[in-house]
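Subject: Handover of a structure and its findings

Dear colleague,

Please find below the structure I am handing over to you. My notes on what was found in it follow directly after.

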Amino acid sequence: MEIVLLENIKNLGKIGDVVNVKRGYSRNFLIKYGKALKASEVNIDLVNKKKTDLSEKNITFKKNAKKIFDIINKKNYKFSKRTKDNDELYGSIKPKELSKAIENIEKIEIRPSQIDLGKKIEKVGSYEAKINLHAEIQARILIAVVKEEDKT
């Protein structure tokens with residue numbers, strides 16, 4: 001499916017580019033979140049006319065992402081979890097839980113879809129996660145998972 005981009009998207013293109021993507025990706029993510037429009041002559045002309053406005057919007061978005069980057073990059077977040085005898089967690093730590101923790105501590109909103117854990121967090125230990133703040137800005141955070149102390 002051909003779409004025209006309304007913002008810079010990493011590994012896809014820049015504002016105003018007409019790109020071909022899978023139908024589900026365009027419908028369920030790019031168009032749904034206002035990142036793209038279906039590629040038609042009308043929409044392409046509209047984007048080309050509004051390109052300067054979109055570029056300014058992108059610059060503002062990038063500045064906000066840079067502020068968030070300065071706050072959370074290389075920060076440590078500690079999770080205390082119940083574990084089995086072999087240090088495996090009862091359930092894993094998911095991006096939604098991580099985004100809530102960042103929101104509670106830092107008072108910044110990070111969507112779970114912006115968080116890339118790399119691998120599942122299912123055991124006690126130290127992990128690194130990437131947070132995609134902007135097409136050009138990616139923060140890294142450190143996650144420490146420790147055993148929850150018994151309350152007996």
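In this predicted model, Ile3 stands opposite Lys38 of strand S3. Further along, Leu5 faces Ala36, which also belongs to S3. Strand S1, residues 2-5, is joined to S3 by three bridges, and the two strands run antiparallel. Towards S2, S1 again has three bridges with antiparallel pairing; here the bridge partner of Val4 is Val18.

Taken together, these three strands make an open sheet in the order S2-S1-S3, with antiparallel pairing. Strand S2 (18-20) and strand S3 (36-38) are the edge strands; each has a single partner, so one side of each is left without a neighbour in the sheet. On average, neighbouring strands of this sheet are turned by 40 degrees against each other, direction ignored. As general background, strands of a sheet pair through backbone hydrogen bonds, in a parallel or an antiparallel manner.

The loop between S1 and S2 contains Asn11. Although Asn11 is not a glycine, its phi is positive, at about 65 degrees. Asn11 counts as exposed because its relative accessibility is 77%, and the cut-off for exposed is over 50%. Lys74, in the loop between H3 and S4, likewise is not a glycine and has a positive phi of about 65 degrees. With a relative accessibility of 64%, Lys74 also counts as exposed.

I turn next to the aromatic residues. How many aromatic pairs does a search of the whole structure find? The search finds two. One pair is formed by Tyr25 and Phe29, which are stacked, with 5.8 Å from centre to centre and 15 degrees between the planes. This pair counts as stacked because its planes are under 30 degrees apart. Tyr25 and Phe29 are four residues apart in helix H1 (residues 23-31), so about one helical turn separates them. Tyr25 is partly exposed at 34% relative accessibility, and Phe29 is partly exposed with a relative accessible area of 27%. Ring pairs link Tyr25, Phe29 and Tyr33 into a cluster. Elsewhere, Arg82 lies over the face of Tyr90, at 4.8 Å from the ring centre.

The remaining topic is the nonpolar interior. Which residues have the most contacts inside the largest nonpolar core? That core has 25 residues, and those with the most contacts inside it are Ile72, Leu98, Ile131, Leu133, Ile141 and Ile143. Two or more residues each are given to this core by helix H3 (51-72), strand S4 (76-81), strand S5 (88-93), helix H4 (95-106), strand S8 (125-134) and strand S9 (137-147). S9 provides the largest share, five residues.

For Ile131, leaving aside residues up to four places away in sequence, the residues touched are Ile72, Ile102, Ile110, Gln114, Ile115, Ile137, Gln138, Ala139 and Ile141. Apart from the largest core lies another core, of seven residues, including Ile9, Val19, Val21 and Ala36. Ala36 has thus been met already, as the residue opposite Leu5. In soluble globular proteins, nonpolar side chains tend to be buried together.

With kind regards

Note on methods: Residues are numbered from 1 along each chain as its sequence is written. This is a predicted model: local features need pLDDT of at least 70, side-chain atom pairs count only at pLDDT 80 or more; totals for chains, interfaces and linings use all residues. Side-chain values use heavy atoms; hydrogens and water are left out. Two strands pair if DSSP finds at least two bridges between them. Axes are lines fitted to C-alpha atoms, for helices over the stretch in contact, and angles run from 0 to 180 degrees between N-to-C directions. A nonpolar core is a set of buried Ala, Val, Leu, Ile, Met, Phe, Trp, Tyr and Cys residues joined through side-chain atoms within 4.5 Å. Buried means under 20% relative accessible area, exposed over 50%, partly exposed in between (1.4 Å probe, protein chains only). Contact means heavy atoms within 4.5 Å. Rings of Phe, Tyr and Trp (its six-membered ring) pair if their centres lie within 6.5 Å; planes under 30 degrees apart count as stacked, over 60 as edge-to-face and the rest as tilted. A charge sits over a ring if NZ of Lys or CZ of Arg is within 6 Å of the ring centre and within 35 degrees of the ring normal.
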